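Hi everyone, thanks for coming. Let's take a few minutes to walk through a structure together, and please have it open while I talk.

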Amino acid sequence: MTVRWTEEIIIQSDDVDFRSECRWSAMLGFMQRAADTHIEKLGVSRDQMLEQGLGWMLITMDMEMANIPQYADEIHISTWSRGAKGALWNRDYRFTDRTGKEFGSARSVWALVDIHKRRILRPSAFPYEVPVHMESAGSPPDKAIIPEGTALKETYAHTVRYSGIDSNGHLNNARYADLCFDVLEENELTKGRAAGFKITYHREARMGDEIRLRRSSGEGDTVYVQGVSSEGTNFF
């Protein structure tokens, strides 16, 4: 049984930004693919899950990268399940280059959901065995929070359209990273380097939803970003 799955990826031209560095949204997409493939290698196909009305919902992702992969780089993404705690599942990741040198890691929290009733299910509702691998990439992440008193200013509004929708009918998890990086100003993008990205998803965004992006001033080394509806409901 495959307790730890590794994907080998070559960074392509559509994965990189204006500096030829891999976008964080692309990395999130690679991680999502690796997790899906790992579950499939355990003998659980996507069709089987759909037939039983089951799906995975990402709650929180916390990732760090000491170096950002460049165009044409070969990277390896390893992932494994840390098991379930309460109603939630923990999954870790490690990123290494072609020499085996680690340049990043991530910790994530997921929920098993009834895709028809849109409700979270207990781990016991998953009728397949998911082996637990006790290797740790760090403590499971707490939910991302914006410190009380942090001033946020609205930067732009994004309407969810065809280009961002996945097969579940909502804005794909990875696309939120692009929304966050789009709040940054040109001088922040050209002079700075992101070393970490943490996000907690509160509500799915569907076709036609408007997400209003707010950000902090960026004092210190952290920029806080929030996406809300026109009524003030928090998306992330």
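**Cysteines, salt bridges and strands**

The sulfur of Cys 22 sits 16 Å from the closest cysteine sulfur, the one in Cys 180, and that is too far for a bond. Before I go on, please keep in mind that this is a predicted model. For anyone new to the term, a disulfide is a covalent bond between the sulfur atoms of two cysteines. To count as one here, the two sulfur atoms have to be within 2.5 Å. How many disulfides does a search of the whole structure find? The search comes back with zero. Cys 180, too, is in no disulfide, with the sulfur of Cys 22 as its nearest cysteine sulfur. As for their surroundings, Cys 22 is buried, at 1% relative accessibility, and Cys 180 is buried as well, with a relative accessible area of 10%.

Now let's turn to charged side chains. The count of salt bridges comes to 13, and I'd like to show you a few of them.

Please find Asp 62 and Arg 107, whose side chains meet in a salt bridge with an N to O distance of 3.3 Å. Asp 62 belongs to strand β2, residues 54-65, and Arg 107 to strand β5, residues 102-114, so this pair ties together parts that are 45 residues apart in sequence. Are these two buried or exposed? Asp 62 is buried, with a relative accessible area of 16%, and Arg 107 is buried at 7%.

The next pair is Arg 118 and Glu 204, which form a salt bridge at 3.2 Å, N to O. Here both partners are in loops: Arg 118 in the one between β5 and β6, and Glu 204 in the one between β8 (196-200) and β9 (210-215), so the bridge ties together parts 86 residues apart in sequence. Arg 118 is partly exposed, with a relative accessible area of 44%, and Glu 204 is partly exposed at 30%.

My third pair is Arg 215 with Glu 188, and their salt bridge has an N to O distance of 2.8 Å. Arg 215 lies in strand β9 and Glu 188 in helix α4, residues 186-191, so a strand and a helix are tied together across 27 residues of sequence. Arg 215 counts as buried, at 2% relative accessibility, whereas Glu 188 is partly exposed at 24%.

Salt bridges can also link up: Arg 4, Arg 94, Glu 102 and Glu 135 are joined in a network of them.

Let's follow Arg 4 into the strands. Arg 4 stands opposite Trp 80 in β3. Strand β1, residues 4-10, runs antiparallel to β3, and seven bridges join the two. How well covered is strand β3? It is mostly covered, with nine of its 12 residues, 74-85, buried. β3 also pairs with strand β4, residues 88-97, again in the antiparallel sense, over 10 bridges. One example to look for is Ser 81, whose bridge partner in β4 is Arg 91. β3 and β4 make a hairpin with two residues between the strands, and Gly 86 there takes a positive phi near 65°.

Farther along the chain, β9 and β10 run antiparallel and are joined by four bridges. Arg 212 has Val 228 in β10 as its bridge partner. In a regular strand, the side chains alternate between the two faces of the sheet. Both faces of β10, residues 225-228, are covered: Val 225 and Gly 227 are buried on one side, and Gln 226 and Val 228 on the other.

Now for a helix. Helix α1, residues 24-41, has 18 residues and reaches 26 Å from its first C-alpha to its last, close to the 26 Å expected at 1.5 Å a residue. Its buried residues include Trp 24, Leu 28, Met 31, Ala 35 and His 38. An α-helix has 3.6 residues a turn, so residues three or four places apart point the same way. After α1 comes Gly 43, with a positive phi near 95°.

One last stop is Ser 124, in the loop between β6 (119-121) and β7 (153-159). Ser 124 is exposed, with a relative accessible area of 70%. The C-alpha atoms of Ser 124 and Ala 87 are separated by 9.1 Å, although the two are 37 residues apart along the chain.

That's my tour, and thank you for listening!

Terms used:
Residues are numbered from 1 along each chain as its sequence is written. This is a predicted model: local features need pLDDT of at least 70, side-chain atom pairs count only at pLDDT 80 or more; totals for chains, interfaces and linings use all residues. Side-chain values use heavy atoms; hydrogens and water are left out. Buried means under 20% relative accessible area, exposed over 50%, partly exposed in between (1.4 Å probe, protein chains only). A salt bridge is a side-chain nitrogen of Lys or Arg within 4 Å of a carboxyl oxygen of Asp or Glu. Two strands pair if DSSP finds at least two bridges between them. The expected span of a helix is 1.5 Å times one less than its number of residues.
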